[in-house]
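Welcome, and please open your viewer. We will take a walk through one protein, pausing at a few places to select and look.

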Amino acid sequence: MPTPEFIIRLREKIGHDPLWLIGVTGYIEDDRGHVLLGRRSDTGRWALVSGINEPGEQPAETIVREALEETGVAIEPDELVSVVADPRMITYANGDKVQYLELLFCCHAKAGAEAARVGDEESLEVGWFYRGELPQDLSETTRERMALVDEYRARLRHGDAHCLFRS
């Protein structure tokens, strides 16, 4: 997985010490209700499209950029679903430690953009799936984020349109 340049520069100064980063994930649907997933090259598991927010970049721009880079699909963010501090400290194979503030957006594929393809080395394959026909080997974080989307949409149906926060 390519590490953003700003992280490489930070790591030169702080080594493997923990970094607090902003992760942005998109729950992306097409007009038929399919969800866009990519099978990650680092874990082999299927996951929602996600990426690290670059300095000065708006979070909604991050997920638009990541979707286009990873899948070739042009998207439009619709709603901010949740803002959650992931309590897990991740230690990557090279020893780098990271913890994420995770922003989750519901997004839709722009008209005519439904053809997904592997766009970079971060994915082994990409595809559209109905919720009832998801791959069995979904990442744990994707299952958690899909549950947040379900919770958010249930709240919307009952008139509560607020972003989900955890306390």
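The tour below goes from the whole chain to its cores and then to single residues.

**Stop 1: the whole protein**

Before you select anything, keep in mind that this is a predicted model. Show the cartoon view and follow the chain: the protein has 3 helices and 9 strands. From start to end, their order is α-β-β-β-β-α-β-β-β-β-α-β. The radius of gyration is 16 Å, close to the 15 Å that the globule rule gives for 167 residues, so the protein is as compact as a globular protein of that length.

Now turn the model around. The C-alpha trace spans about 45 × 35 × 30 Å along its principal axes. Switch on the surface, and you see about 8900 Å² of exposed area, 53% of it supplied by carbon and sulfur atoms. Beneath that surface, buried residues make up 43% of the 167 residues.

Two more things can be explored from here. Take the contacts between residues at least 6 apart in sequence: 68% of them join residues at least 24 apart. Then colour the charges: the mean positions of the 19 positive and 31 negative ones are 3 Å apart.

**Stop 2: the largest nonpolar core**

Select Tyr 27, Leu 37, Val 81 and Met 146. These are the residues with the most contacts inside the largest nonpolar core, which has 17 residues. Which elements give two or more residues to this core? They are β2 (35-40), β5 (75-85), β7 (97-109) and α3 (140-157). The largest share, 4 residues, comes from α3.

Zoom in on Tyr 27. Beyond its neighbours up to four places away in sequence, Tyr 27 touches a list of residues that includes Val 35, Leu 48, Phe 105, Met 146 and Arg 153.

There is also a second, separate core of 13 residues; to find it, select Val 49, Ile 63, Ile 75 and Ala 109, which are among its members.

**Stop 3: Leu 104**

Next, select Leu 104 in strand β7. Is Leu 104 buried or exposed? Its relative accessibility is 1%, so Leu 104 counts as buried, the cut-off for buried being under 20%. Leaving out residues up to four places away in sequence, Leu 104 touches several others, among them Thr 25, Tyr 27, Glu 79, Val 81 and Leu 148. For a distance to try, pick the C-alpha atoms of Leu 104 and Val 64: they are separated by 12 Å, and the two residues are 40 apart along the chain.

**Stop 4: Glu 79**

From Leu 104, step across to one of its contacts, Glu 79, which lies in strand β5. Glu 79 has a relative accessible area of 26%, so it is partly exposed. Apart from neighbours within four places in sequence, Glu 79 is in contact with Leu 104, Phe 105, Cys 106, Tyr 152 and Leu 156. Try another distance here: the C-alpha atoms of Glu 79 and Ser 50 are separated by 15 Å, with their positions 29 residues apart along the chain.

**Stop 5: Glu 57**

Finally, select Glu 57, in the loop between β4 (49-52) and α2 (59-71). How does this loop residue sit, buried or exposed? With a relative accessible area of 16%, Glu 57 is buried. Show its surroundings, and you will find Ile 52, Thr 62 and Arg 65 touching Glu 57, when residues up to four places away in sequence are not counted.

Note on methods:
Residues numbered from 1 in each chain as written. Predicted model: local features only at pLDDT ≥ 70, side-chain atom pairs only at ≥ 80, totals over all residues. Heavy atoms only, no water. Rg over C-alpha atoms; globule rule 2.2 N^0.38 Å. Buried < 20%, exposed > 50% of the residue type's maximum accessible area, 1.4 Å probe, protein only. Contact = heavy atoms within 4.5 Å. Areas by Shrake-Rupley, 256 points an atom, 1.4 Å probe, with all protein chains shown as cover. Lys, Arg positive; Asp, Glu negative; His and termini not counted. Charge placed at Lys NZ, Arg CZ, Asp CG, Glu CD. Core = buried A, V, L, I, M, F, W, Y, C linked by side-chain atoms within 4.5 Å.
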